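Here is a friendly walk through the fold you are about to see. Take a moment to turn the structure around before reading on.

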Amino acid sequence: MSEELTTAVAEALKTVIDPELGYNIVDLGLVYDIVGEGQRVQIRMTTTQPGCPATNALKQGAEEAAASVEGIEAVEVNMTWMPPWSPELMSDRAKAHLGFA
């Protein structure tokens, strides 16, 4: 997958908002990897904690956002909790928004 398409998927994922934190999943550091081949993309992501009640909504949101990118025909979202999420994974902008900076 081209770098341009990977960037477009990452930008689309920024439209997915964590309902508990009110901020996008990319800047929160919930998206670990975006890997693609051709027109297929795999996203490896997490939640702030295992058992998060928003897990299914976040996964579905990521699938729909990535699928909305022109040139993407198939999306697979894999949830993982290794490594565990921590506030250090957030972007500086997210940290400032949430009062971590």
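## Helices on a sheet

In this predicted model, α2 lies across β4 and β5, and the helix runs at about 155° to β5. That arrangement belongs to a familiar kind of path: β4, α2 and β5 together make a right-handed β-α-β unit. The two strands of the unit, β4 and β5 (residues 74-79), are paired in the parallel sense over six bridges. If you would like a landmark on this pairing, look for Val 41, whose bridge partner in β5 is Val 75.

How are the strands ordered in the sheet? The open sheet has three strands in the order β3-β4-β5, with mixed pairing. β3 and β5 are the edge strands, each pairing on one side only. On average, neighbouring strands of this sheet are turned by 15° against each other, direction ignored. α1 also packs on the sheet, where it touches β3 and β4, and its direction makes about 140° with that of β3.

## The hairpin

The other pairing in the sheet joins β3 and β4, which run in the antiparallel sense over six bridges. Two pairs help to trace this ladder: Glu 37 has Arg 40 as its bridge partner in β4, and Val 35 stands opposite Gln 42 in β4. The two strands form a hairpin with two residues between them, and Gly 38 in the turn has a positive phi of about 65°. For background, most residues other than glycine have a negative phi, and most peptide bonds are trans.

The start of the chain comes back to this turn. Met 1 is found in the segment before α1, and Met 1 and Gly 38 are 5.2 Å apart in space, C-alpha to C-alpha, although 37 residues apart in sequence. Leaving aside residues up to four places away in sequence, Met 1 touches Thr 6, Ile 34, Val 35, Gly 36, Glu 37, Gly 38, Arg 40, Val 41 and Ile 72. Even with those contacts, Met 1 is partly exposed, at a relative accessible area of 26%.

## The nonpolar core

Which residues touch the most other members of the largest nonpolar core? They are Val 9, Leu 13, Ile 25 and Ile 43, out of the 28 residues in that core. At least two residues of this core come from each of α1 (3-13), β3 (31-37), β4 (40-45) and α2 (55-67). α1 gives the most, with five residues. Ile 25 makes a good place to look around: apart from residues up to four places away in sequence, Ile 25 touches Leu 13, Val 16, Asp 18, Leu 30, Val 31, Met 45, Leu 58 and Ala 62. In soluble globular proteins, nonpolar side chains tend to be buried together.

α1 deserves a view down its axis. Leu 5, Val 9, Ala 10, Ala 12 and Leu 13 are buried in α1. Seen down the axis of α1, these buried residues fall within an arc of 160°, so they line one face of the helix. Glu 3 and Glu 4, on the other side of α1, are exposed. The buried residues of α1 pack against β3, β4 and α2.

## Loops and chain separations

Two loops are worth a visit. The loop between β4 and α2 holds Gly 51, which is exposed, with a relative accessible area of 68%. The loop between β5 and α3 (92-98) holds Pro 83. A cis peptide bond joins Met 82 and Pro 83, with omega about 0°.

Back on α2, Lys 59 lies in the helix and counts as partly exposed at 29% relative accessibility. Not counting residues up to four places away in sequence, Lys 59 touches Val 77 and Met 79.

The table sets sequence separation beside C-alpha to C-alpha distance for three pairs.

| Pair | Apart in sequence | Apart in space, C-alpha to C-alpha |
|---|---|---|
| Met 1 and Gly 38 | 37 residues | 5.2 Å |
| Gly 51 and Trp 81 | 30 residues | 9.9 Å |
| Lys 59 and Gly 71 | 12 residues | 20 Å |

Methods
Residues numbered from 1 in each chain as written. Predicted model: local features only at pLDDT ≥ 70, side-chain atom pairs only at ≥ 80, totals over all residues. Heavy atoms only, no water. Core = buried A, V, L, I, M, F, W, Y, C linked by side-chain atoms within 4.5 Å. Buried < 20%, exposed > 50% of the residue type's maximum accessible area, 1.4 Å probe, protein only. Helix = DSSP H or I, 4+ residues; strand = E, 2+ residues; numbered from the N terminus. Contact = heavy atoms within 4.5 Å. Arc of directions from axis to C-beta. Pairing = 2+ DSSP bridges. Right-handed = clockwise from strand over helix to strand, strands pointing away. Axes fitted to C-alpha atoms, helices over the stretch in contact; angles between N-to-C directions.
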